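Colleague: I am new to this structure and would like to learn how to read its features one at a time. Could you take me through them slowly?

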Amino acid sequence: MPRVSLSRCADYSPALVASSLAEVLEPLGGMSAFVSPGQRVLLKVNLLSRALPERAVTTHPEVVRALIREVRACGGIPTVGDSPGGPNSVGMVKRVWADSGIGSVCAEENVELVLFDDDVLRVPAPDATLYGSFSLGRAVVETDVLICVPKFKTHGFMMFTGAVKNLFGCIPGLEKAQYHIKVPERDDFADMLLDLMLACKPALSVMDAVVGMEGEGPAGGKPKAVGALIASADACALDLVASSMAGLAPDEVYTVKMAAKRGMCTDDVDAVEIAGADWRDLAPDSFELPAVDLSRKMPPWLGNRLRSWLTAKPVLENKPGCTRCKTCQDVCPVDAIVVTEDGPQFDRAKCIRCYCCQELCPPQVIGLSVPLVARALSKRR
């Protein structure tokens, strides 16, 4: 039976985060169950895009600090890394590190920050379903221990972004966007993420659920207090529990659904051994969820025909706020966006509803518009 541990953590004060982290790790054997003296330990954080910590887009720096210190207390050698979405120049990534606060924490703790785009290796994915190998940052491949540090957030495409989805950042730069072309269907994309998890082999996942994100996550939603840290050696089980806290059914979260189908995880949250705080007591009230893809339960021939009527589409919600930076144009995997003086113009015939543009828009002026038919047919979220 998989074990998921939870601890209460009301805010990001350093002392409270440190004690809550020790508390959530204790039922799993403590950090020493995962890290031995002299081992290289990579903390794979969520650095999706430029955002201040209070926006709840990225892993909070105090959670990263507490993990660094726990790893060092066990004699491990910590590093911190990720590959943010989009084209990653060194200057752009430094701004992401700076805005998130993780850059200053790593400087204060004398820990190296690693960009996975710089050096890449091809590695196999054992027992894969769709992809037998992946190009990963060398730091991911050569570390002795990989610790996944996701953020509790909704996700317009996968519905929830947790430990499994966080590993997508182990793939360098714009290569991530290419997977939206190769596997545009949500079930297949989830299968790809599970194959990626098999290649990355995280030893431990620790989720920052002190303040999460609701609504149009993973970047355009609203911060929502949850008040917890969640940890498990089983990334799929952690995502099942965390998404249940958000009010999502297992078959609504594509990575959880496909993991259960492959026998990698249960789809029954009551079959998970819970240690520490009860997840039901920590589940936030009135958590706003993304729009459901109503085509997901239809036969493919019908769902594909009705997709434009049943799924949310990206739109420019705040024209005056658009900086014409062309990030949306650059990250669109199917070249469905052209930025003009009036802002981004969307080619609806090409759009595959991957929402990369909405996720990575720096000023967050692109939102998701839910068709009237979908609103009428969806259950109240």
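Colleague: Where is Ala56 found?

Modeller: Please keep in mind throughout that this is a predicted model. Ala56 sits in the loop that runs between strand S2 (40-45) and helix H2 (61-73), and its phi is positive, at about 65 degrees, although the residue is not a glycine. With a relative accessible area of 1%, Ala56 is buried.

Colleague: Which other residue has a positive phi of about 65 degrees although it is not a glycine?

Modeller: Tyr355 has a positive phi of about 65 degrees and is likewise not a glycine. Its place is the loop between strand S15 (343-346) and helix H14 (356-360), and at 3% relative accessibility Tyr355 counts as buried, because the cut-off for that word is 20%.

Colleague: And which peptide bond is cis?

Modeller: The bond that joins Gly217 and Pro218 is cis, with omega at about 15 degrees. Pro218 belongs to the loop between strand S10 (204-214) and strand S11 (222-232).

Colleague: Let us turn to helices, then. How do the axes of helix H8 and helix H10 cross?

Modeller: For helices in general, a useful idea is that an α-helix has 3.6 residues a turn, so residues three or four places apart point the same way. In this model, the axes of helix H8 (residues 186-200) and helix H10 (residues 254-261) come within 8 Å and cross at roughly 70 degrees, and H8 and H10 are therefore roughly perpendicular to each other. On the H8 side the contact involves Arg186, Asp187, Ala190, Asp191, Leu193 and Leu194, which meet Tyr254, Thr255, Lys257, Met258 and Ala259 of H10. Sorted by class, this contact of H8 with H10 has six nonpolar, one polar and four charged residues.

Colleague: How do H9 and H10 cross?

Modeller: The axes of helix H9 (residues 235-245) and H10 come within 9 Å and cross at roughly 135 degrees, which makes H9 oblique to H10. The crossing of these two helices, H9 and H10, is left-handed. Cys236, Asp239, Leu240 and Ser243 of H9 make the contact with Thr255, Val256 and Ala259 of H10, and the residues of this contact of H9 with H10 divide into four nonpolar, two polar and one charged.

Colleague: Which residues of H10 are buried, and what covers them?

Modeller: The buried residues of H10 are Tyr254, Thr255, Val256, Met258 and Ala259, and what covers them includes S9, H6, H8 and H9. Just after H10, Gly263 takes a positive phi of about 75 degrees.

Colleague: What does Met158 touch?

Modeller: Leaving aside residues up to four places away in sequence, Met158 touches Lys165, Arg186, Phe189, Ala190, Leu193, Glu252, Val253, Tyr254 and Thr255. Its place is in the loop between strand S8 (151-155) and strand S9 (159-161), and Met158 is buried, with a relative accessible area of 0%. Separation along the chain and separation in space can be read side by side: the C-alpha atoms of Met158 and Val120, 38 residues apart along the chain, are separated by 26 Å, whereas those of Asp234 and Ala163, 71 residues apart along the chain, are separated by 9.1 Å.

Colleague: Where is Asp234 found, and is this residue buried or partly exposed?

Modeller: Asp234 lies in the loop between S11 and H9, and with a relative accessible area of 23% it is partly exposed.

Colleague: Finally, how should I read the pair formed by Phe168 and Phe189?

Modeller: A pair of aromatic rings is described by the distance of the centres and the angle of the planes. The count here comes to eight aromatic pairs. Phe168 and Phe189 form one that is edge-to-face, with 5.4 Å from centre to centre and 75 degrees between the planes. This pair links distant parts of the chain, 21 residues apart, with Phe168 in the loop between helix H6 (163-166) and helix H7 (175-182) and Phe189 in helix H8. Phe168 is buried at a relative accessible area of 6%, and Phe189 is buried at 0%. Ring pairs also link Tyr131, Phe134, Phe157, Phe168, Tyr179 and Phe189 into a cluster.

Notes:
Residues are numbered from 1 along each chain as its sequence is written. This is a predicted model: local features need pLDDT of at least 70, side-chain atom pairs count only at pLDDT 80 or more; totals for chains, interfaces and linings use all residues. Side-chain values use heavy atoms; hydrogens and water are left out. Axes are lines fitted to C-alpha atoms, for helices over the stretch in contact, and angles run from 0 to 180 degrees between N-to-C directions. Helices (H or I, at least four residues) and strands (E, at least two) are DSSP runs, numbered from the N terminus. Angles under 35 degrees count as roughly parallel, over 145 as roughly antiparallel, 65 to 115 as roughly perpendicular and the rest as oblique. Contact means heavy atoms within 4.5 Å. Ala, Val, Leu, Ile, Met, Phe, Trp, Tyr, Cys and Pro count as nonpolar, Asp, Glu, Lys and Arg as charged, and the others, Gly among them, as polar. A crossing is left-handed if the near helix is turned anticlockwise from the far one by less than a right angle, and right-handed if clockwise. Rings of Phe, Tyr and Trp (its six-membered ring) pair if their centres lie within 6.5 Å; planes under 30 degrees apart count as stacked, over 60 as edge-to-face and the rest as tilted. Buried means under 20% relative accessible area, exposed over 50%, partly exposed in between (1.4 Å probe, protein chains only).
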